[in-house]
Amino acid sequence: YEINLLELIKKRRARIGYSFKKDEIEKSILHRVHSLFNRAIGKWKEDVQLWLSHVAFCKQWNAKHQLSKVFSSMLAIHPNKPELWIMAAKWEMETQLSSESARHLFLRALRFHPECPKLYQEYFRMELMHAEKQRREKKEFERAKMDLREFNYSEEILGGEMARIIYREAAQKIKGVEFHLAVLSIANLFDFTQDLQKEILESLQTKYADSPLMWDYMARRELELGSLQSTEHTTKQMKVSEMTQREERCCAVFEEAVRAVATEDMWKCYITFCLERYNRKTNSEELKQKRLERTLSVFNKAQESSLLAETLYKQWLQLLLESNCFERATEVAEAATKRFSLSVETWQMRLQVLIQLKSGDVTQCFEEAVKRVKSKGTLPLWTLWVEWSEGTNSKEDTEALYQRSYWTYRSGGYKKVKRIFTSLCENRPFSLDFFRKMIQIEKEQESCKVLHLREYYERALREFGSTDSDLWLDYIKEELNHPQGKPENCGSIHWRAMKMLQGDLVEDFVSKYTLLQTGHL
């Protein structure tokens with residue numbers, strides 16, 4: 001309420017340009033809000049979100065003195081959360097412009113979290129920002145021809161030596177290529193860190209020569225090296241030629257990488273790079289064609305090495321189909337199922353390719369798929385098969401396929417039967433027997449649920465309610481005889497049957513319903 005009141009007063013003052021007694025009114029409300037936050041925090045010290053709300057309020061109303069106290073108290077109670085230390089240090093550095101206070105907070109934080117990568121990264125960034133700030137100041141003073149001796153600038157700090165010390169200390173404690181790459185990306189943001197970047201790169205190449213991430217970084221780095229300066233005389237053809245050369249340098253590094261680190265992950269990095277370059281928009285058909293040829297070539301090499309990940313086959317097939325390489329797409333899909341013969345997703349992928357190409361081998365491939373995968377997780381295959389059959393084969397063939405898929409799952413237990421029923425009934429089966437079998441299976445269960453029976457009857461009646469009077473009578477019997485049934489529903493079922501049945505079936509239903517009521521049916 002108090003915060004909303006403050007916002008309202010602020011808006012009204014801005015609208016009418018009225019500032020009378022501004023200090024007296026706003027200060028008293030601000031004081032009350034801070035008091036309320038302090039009382040709440042006193043009760044619920046462990047609630048970090050409450051602390052952060054107080055921090056946000058202080059920032060919004062520029063309460064710097066109060067915010068300093070809030071950070072101090074919060075860190076004393078929650079020293080185990082590195083993100084809070086980083087938040088406090090950033091505020092000191094960016095808002096208070098106090099690099100010394102920020103450095104002090106980072107050093108305190110590292111006593112609690114000596115192996116936290118994020119803390120080291122932000123501390124590293126802060127020292128480089130401080131060095132850049134001092135370099136700018138020095139340049140301005142030199143431009144103004146001021147005496148620099150009284151400012152006492154340290155050449156080591158100006159050169160980023162503090163950041164180098166932080167990196168070396170962190171590198172001893174934190175293992176993993178990700179940290180080194182993160183630090184390197186931070187150093188790349190500053191134009192005076194060439195020596196530091198060189199040191200980090202050498203460390204990367206020495207310690208992580210077998211890491212795909214390291215090779216991926218080194219290869220992509222070639223894109224940014226040696227680019228042409230954009231001038232009025234730079235033609236479109238020159239730009240295309242330069243981009244081609246840079247991409248070829250990247251690929252040369254990747255080729256070296258897959259020889260040195262022959263793993264699926266390394267090939268994945270290489271292929272991902274090629275796909276990214278291929279998907280980039282370009283007005284040059286020549287460049288696009290080169291990228292396509294390069295990408296397809298890398299896919300082929302990875303497959304020949306038996307190191308192409310299962311997930312990448314789908315992208316390869318999409319690329320082949322887009323390029324109208326239909327015969328090659330069929331071969332690749334077959335190779336994928338040979339290598340990952342137990343994978344449902346891979347068989348689905350191959351089948352979808354054959355269906356899209358309207359191949360005559362679809363049925364044979366379906367047979368092979370359900371045979372290889374067996375009953376484990378074949379539901380998506382059966383569903384795809386039935387959907388394809390409905391659009392291609394006769395009703396009789398599709399019905400036979402329904403029955404086959406149904407009985408395949410029948411031996412797998414009630415849960416599997418229910419799953420395939422739920423999946424296939426959405427495809428509008430053609431036979432009432434399909435529903436009656438599911439109803440019978442439900443009734444065979446120890447805990448037969450009337451809700452499930454109602455669902456099956458309702459689905460069946462949507463398809464066959466106008467042509468089968470016995471189905472309505474069976475539904476009424478279930479409501480009358482099932483322990484959980486509701487006999488009061490029989491009236492509405494009877495009324496619906498009378499409205500839905502056609503011709504002589506109405507008389508047949510009335511006769512049988514009368515016999516049921518008198519106990520003769």
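**Notebook: cavity, pocket and helix contacts**

I started with the largest cavity, and its lining is made up of Ala89, Lys90, Met93, Glu94, Phe106, Glu122, Arg125, Met126 and Met129. I noted at once that I'm working from a predicted model. Which elements give two or more residues to that lining? They are α5 (82–94) and α7 (117–143). I put the volume of the largest cavity at about 60 Å³. With 30 Å³ or more as the bar, I count 1 cavity. Sorting the lining by class, I got 5 nonpolar and 4 charged residues, with no polar ones.

**Staying with α7**

I followed α7 over to α10 next. The axes of these two helices come within 10 Å and cross at roughly 20°. An angle under 35 degrees counts as roughly parallel, so I logged α7 as roughly parallel to α10. The crossing of α7 past α10 is right-handed. I then listed who touches whom: from α7 I have Pro117, Tyr120, Gln121, Phe124, Arg125 and Leu128, and across from them in α10 sit Phe179, Ala182, Val183, Ile186 and Ala187. By class, I noted 9 nonpolar residues in this contact, plus 1 polar and 1 charged. Arg125 turns up in my notes twice, since I have it in the contact with α10 and also in the lining of the largest cavity.

**α10 from its other partner**

What does α9 bring to α10? I found Tyr167, Ala170 and Ala171 in α9 meeting Phe179, His180 and Val183 in α10. I sorted the residues of this contact into 5 nonpolar and 1 polar, with no charged ones. Phe179 and Val183 are on my α9 list, and I had already written both down for α7. For the geometry, I have helix α9 (residues 161–173) and helix α10 (residues 177–187) with axes that come within 10 Å and cross at roughly 170°. Over 145 degrees counts as roughly antiparallel, so α9 and α10 go down as roughly antiparallel to each other.

**α2 and α3**

I looked at helix α2 (residues 22–43) and helix α3 (residues 48–60) as well, and their axes come within 10 Å with a crossing of roughly 165°. That makes this pair roughly antiparallel too, α2 against α3. I marked the crossing of α2 past α3 as left-handed. On the α2 side I wrote down Leu30, Val33, His34, Phe37, Asn38, Ala40 and Ile41, and they meet Leu50, Trp51, Ser53, His54, Phe57 and Cys58 of α3. How do the residues of this contact divide by class? I get 9 nonpolar and 4 polar, and no charged ones.

**The largest pocket**

I moved on to the largest pocket, which has a volume of about 190 Å³. I count 14 lining residues, and those nearest the centre are Lys239, Val240, Met243, Thr282 and Leu287. Which helices each supply at least two of the lining residues? I have α13 (236–260) and α15 (285–304). The largest share, 6 residues, comes from α13. By class, I tallied 8 charged residues in this lining, alongside 3 nonpolar and 3 polar.

**Glutamate 255**

Last entry: I picked out glutamate 255, which lies in helix α13. Leaving aside neighbours within four places in sequence, I found glutamate 255 in contact with Tyr270 and Lys301. Glutamate 255 and tyrosine 270 are 15 residues apart along the chain, and I noted 8.4 Å between their C-alpha atoms.

Definitions and conventions:
Residues numbered from 1 in each chain as written. Predicted model: local features only at pLDDT ≥ 70, side-chain atom pairs only at ≥ 80, totals over all residues. Heavy atoms only, no water. 1 Å grid on protein atoms, 1.4 Å probe; cavity = no way out; pocket = protein on both sides within 12 Å on 5 of 7 lines; lining within 4 Å. Points joined across faces, edges and corners; volume = space filled by probe spheres on them. Helix = DSSP H or I, 4+ residues; strand = E, 2+ residues; numbered from the N terminus. Nonpolar A, V, L, I, M, F, W, Y, C, P; charged D, E, K, R; others polar. Axes fitted to C-alpha atoms, helices over the stretch in contact; angles between N-to-C directions. Parallel < 35°, antiparallel > 145°, perpendicular 65-115°, else oblique. Left-handed = near helix turned anticlockwise from the far one by under 90°. Contact = heavy atoms within 4.5 Å.
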